[in-house]
Structure formats: structure tokens, C-alpha cells
Amino acid sequence: ETLRNAFKIEDIRKRIGYTFLMLIVIRIGSQLPIPCVNSEVFANWFANQGGDAFSFLDAITGGSFYQMSVFALNITPYITSSIIIQLLTIAIPKLEELQKDGEEGRKKITKITRYLSVILALVEAIAMAIGFGRSEYLDKFNVINVLLVVTTLTAGSTILMWIGERITERGVGNGISIVLTINIISRIPADLTALFDQFIKGKTIAKGVLAAAIIAAIILVTVVFVVILQDAVRKIPVQYAKKMQGRKMVGGQTSNIPLKVNTSGVIPIIFAQSIMQFPIIICSFIGYNGTGVWAEILKGLNSGYWCKPSQPIYSLGLLLYIVLIVFFAYFYTSITFNPLMIADNMKKQGGFIPGIRPGKPTSDYLNKILNYIVFIGAIGLIIVSVIPYFFNGVFGASVSFGGTSLIIIVSVVLETMKQVESQMLVRNYKGFLED
């Protein structure tokens with residue numbers, strides 16, 4: 001109904017059309033191969049890689065990494081730089097001042113993020129080009145070919161960043177998130193086809209229908225769980241004391257502080273996956289498979305070996321993964337949500353939580369509630385992220401999308417719908433004022 005009503009408004013219809021056209025450009029760019037790269041040799045190497053170290057990377061790039069297209073780096077440098085700047089804002093007072101400086105400060109931080117994104121893209125492109133050259137994935141390993149690959153990869157990532165910002169400005173919702181989501185969605189048909197070939201094709205009608213029903217039920221339950229996890233909010237009631245302002249008595253309103261159960265979103269999973277898969281990716285690029293204890297450690301870090309009944313020792317890596325998710329859930333929340341600042345602002349405005357004294361008691365109360373709901377959110381993230389590993393290990397299913405992808409898709413779709421609804425609301429207000 002929201003989309004149907006949105007298409008009735010010309011301005012929103014144009015925004016949706018612009019977004020759709022930009023997404024078509026992205027998908028076309030994802031099919032254009034990088035010159036000088038031997039795509040066939042690279043595809044064979046990629047197919048021999050186990051676990052999700054590269055499959056998730058391929059999923060968030062919409063198949064661009066597997067095909068080594070001009071968008072192979074995708075917007076991952078921009079996402080990484082955004083996270084780095086967000087973390088540095090806590091450590092560097094100058095960045096913290098810019099963050100508090102309103103619209104002008106936000107523009108400066110955005111500009112810094114762009115520059116850092118280009119630098120990260122350049123560094124990643126150089127590392128990949130040299131690694132490909134040494135592994136004989138380039139037609140010829142020489143300076144010209146390396147420069148061509150580096151330029152193409154860096155330019156592709158920068159163009160995607162520009163498209164994402166244009167979608168934010170002239171389209172609907174957060175452009176960077178939409179670009180990431182459409183890439184993940186583009187891989188789902190191939191994954192569903194793989195599941196069909198593995199569990200349904202060639203089976204009897206009864207077994208095929210049963211397998212299809214089980215797969216559909218698992219996906220549906222996971223999606224519903226993610227929706228609940230993303231929308232779950234703990235509301236802390238806040239009462240504002242009445243005070244005399246001129247000849248009028250103002251205040252006395254009741255409000256609330258909404259604390260999302262999944263306060264950190266998908267960030268803990270991305271951080272945990274990055275740390276777990278970084279050694280595997282580096283070793284794969286340099287052609288080192290490991291020997292002795294190091295080989296066993298690499299297998300433990302590789303999610304392709306988790307939850308396998310025949311090799312339970314490697315599931316210790318899954319325990320480390322779970323610990324990292326919980327740690328980053330608390331860490332990221334602690335640097336993005338400041339209970340002491342909120343308590344001070346409430347005190348200045350005459351607000352208080354019923355039954356809790358203003359000041360430090362309020363801060364301590366918010367900390368206590370926050371620790372409780374962050375733990376629940378972390379457990380939810382663990383359930384969603386571990387489900388695919390369980391079925392991959394026990395039943396041998398192999399898909400590039402999993403809990404992380406579903407969380408990204410659901411959260412972006414919900415946020416985009418809210419953006420469209422808010423734009424419709426603003427449009428209705430404008431129409432009312434014009435009448």
C-alpha cells in the first residue's frame with residue numbers, strides 16, 4: 001500500500017525511478033571485466049576456495065569479485081572508512097567537535113570519509129593487483145598491467161561511492177545501503193538454484209516437496225526473526241517537570257528514550273568475520289596453505305569446517321566467532337551510545353526517569369538496561385549468523401548469503417520504506433499548506 005500510494009506522487013515516483021536507473025547501471029558495471037585479468041583462471045581459483053571468506057565478499061559485491069569486474073572492490077572501502085572515522089571520532093577531539101558542529105561539521109566528516117575511502121580502495125587495489133600478478137592471474141605481470149588494474153579497481157569503487165551518494169540525494173533512502181543490498185539480492189537466485197540442485201532436483205516428488213517446504217520454512221522463520229530483532233525496542237519512560245516560563249506553566253510532558261535491542265546492527269558480525277577471515281584471505285592470495293599447527297588453525301578459522309560432525313575440533317573456531325560477536329556488540333554500543341551524556345541532557349531539561357534520581361543514578365540505570373538489551377541483541381545476532389553455518393556443516397548446503405545478508409536486506413528494506421513514508425508525509429504537509 002505504501003508503494004502504491006508513493007507512485008501516485010510525482011516527486012517520489014521520480015525518486016524511485018532514479019534509484020532504479022542507478023541500480024541498473026550498477027548491475028551493468030558488475031558484468032564488465034577488468035582488462036588484463038585472466039578471468040577464467042581466477043574463477044577456477046575462486047571455486048577452489050572453501051568457507052565463506054570469499055563467498056560473503058562475493059555476495060556483498062554482487063558477483064563482481066568472482067567475475068573480477070570493474071566493481072570488484074564495490075563499496076567496501078567506503079564502509080570500512082565510515083567505520084574507521086566513527087571509531088576515530090571517539091579518540092580524536094577535533095573529529096568529535098566536527099560531529100557536534102551541525103550540518104557544516106557533518107559535511108566535513110563526509111569529505112574526510114570520501115578521501116579515506118579512495119585511499120583504502122587504492123591500497124586494496126595495489127595489493128590485489130600485485131597478488132594477482134604473482135599468482136599468474138594477469139595476462140602479463142608488468143607495470144602497465146598492474147597500473148591498469150589498480151586504476152580500474154579504484155575508479156570502480158569511487159564511482160560506486162558517487163552513485164550511492166546520488167541515490168541518497170536524489171533517490172530514496174541511504175544510497176550506500178541500497179547499493180550493498182541490491183548486490184546481495186542479485187546473488188540470491190543463484191543460491192536458491194544451488195539449493196534446488198542439491199536437495200530437490202532428482203528426488204522423488206514426496207522428498208522434493210518435503211525438502212522445498214523445509215528450506216522455505218527455514219528462510220521464512222529466519223526473515224521473521226530478523227524483522228523482530230531489527231524492530232525490537234525497549235522504551236525508557238521520561239517525565240519532564242513543570243516549570244514557570246513567563247506567565248505560563250510549561251513542561252509536564254511524558255516522553256521516552258527508545259533503546260533498540262539490536263543497537264549495533266550488523267556491525268559486530270562484520271567485525272568478527274573480518275578478523276576471522278583476514279588470515280585466510282591473505283594466505284590464499286600469497287598461495288600459502290599452512291603446515292602443521294598453522295594449517296589446523298586456518299581450518300578452525302574457516303567457517304567451511306564448522307559444525308561438521310566428522311570434524312568437531314574445528315568448531316572451536318565457531319566459539320571464537322561467537323565470543324567476538326558479543327565483544328563487538330558491547331564495544332560498538334559503548335562508543336555510539338553515551339548514557340552519561342543523555343543523563344546530563346535530561347537533567348538540564350528538567351527530565352527524569354520515574355523512580356530514578358537525576359544525574360549519576362540515571363546514568364547507572366541506563367547502563368544497566370543497556371547491558372541487558374545489548375546481550376539479548378548479541379544472542380539474536382548469534383542465532384541468525386550461526387544458522388547458515390549449522391546447515392552448511394551438517395547438511396552440506398552451500399550458499400553465499402546467510403544471516404548477515406538477511407540482516408542487511410531486512411534492515412535496509414525497512415529503513416527505505418520508512419524514508420518513503422516520511423517523504424510522503426512531508427509532501428502531504430506541503431500540499432496542505434499550499435491549499
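**Exercise 1. Place arginine 234 in the fold and state in which element it lies.**

Step 1. Arginine 234 belongs to strand β1; strands (E, at least two residues) and helices (H or I, at least four) are DSSP runs, numbered from the N terminus. The model is predicted, with local features needing pLDDT of at least 70, side-chain atom pairs counting only at pLDDT 80 or more, and totals for chains, interfaces and linings using all residues. Residues are numbered from 1 along each chain as its sequence is written, and side-chain values use heavy atoms, leaving out hydrogens and water.

Step 2. Strand β1 covers residues 233–240 and is joined to β4 by seven bridges, the two running antiparallel. Two strands count as paired if DSSP finds at least two bridges between them.

Step 3. Leucine 259 in β4 is the bridge partner of arginine 234.

**Exercise 2. Give the strand order of the open sheet and explain why one side of β4 and of β5 has no neighbour in the sheet.**

Step 1. The order is β4-β1-β5, with antiparallel pairing.

Step 2. β4 (254–260) and β5 (351–352) are at the edges with a single partner strand each, so one side of each lacks a neighbour in the sheet.

**Exercise 3. Describe the surroundings of arginine 234 and decide whether it is buried, partly exposed or exposed.**

Step 1. The relative accessibility of arginine 234 is 32%, so it counts as partly exposed. The class lies between buried (under 20% relative accessible area) and exposed (over 50%), with a 1.4 Å probe and protein chains only.

Step 2. Leaving aside residues up to four places away in sequence, arginine 234 touches Ile257, Pro258, Leu259, Tyr365, Ile369 and Ile373; contact means heavy atoms within 4.5 Å.

Step 3. Helix α16 (residues 360–395) lies across β1 and β4, at about 165° to β1. Axes are lines fitted to C-alpha atoms, for helices over the stretch in contact, and angles run from 0 to 180 degrees between N-to-C directions.

Step 4. Leucine 370 is 136 residues from arginine 234 in sequence, and their C-alpha atoms are 9.3 Å apart.

**Exercise 4. Characterise the packing of α14 against α16.**

Step 1. The axes of α14 (residues 316–336) and α16 come within 9 Å and cross at roughly 145°.

Step 2. Residues of α14 in the contact include Leu318, Ile322 and Tyr330, and those of α16 include Leu370, Phe375 and Tyr389.

Step 3. By class, this contact has 15 nonpolar, three polar and no charged residues. Ala, Val, Leu, Ile, Met, Phe, Trp, Tyr, Cys and Pro count as nonpolar, Asp, Glu, Lys and Arg as charged, and the others, Gly among them, as polar.
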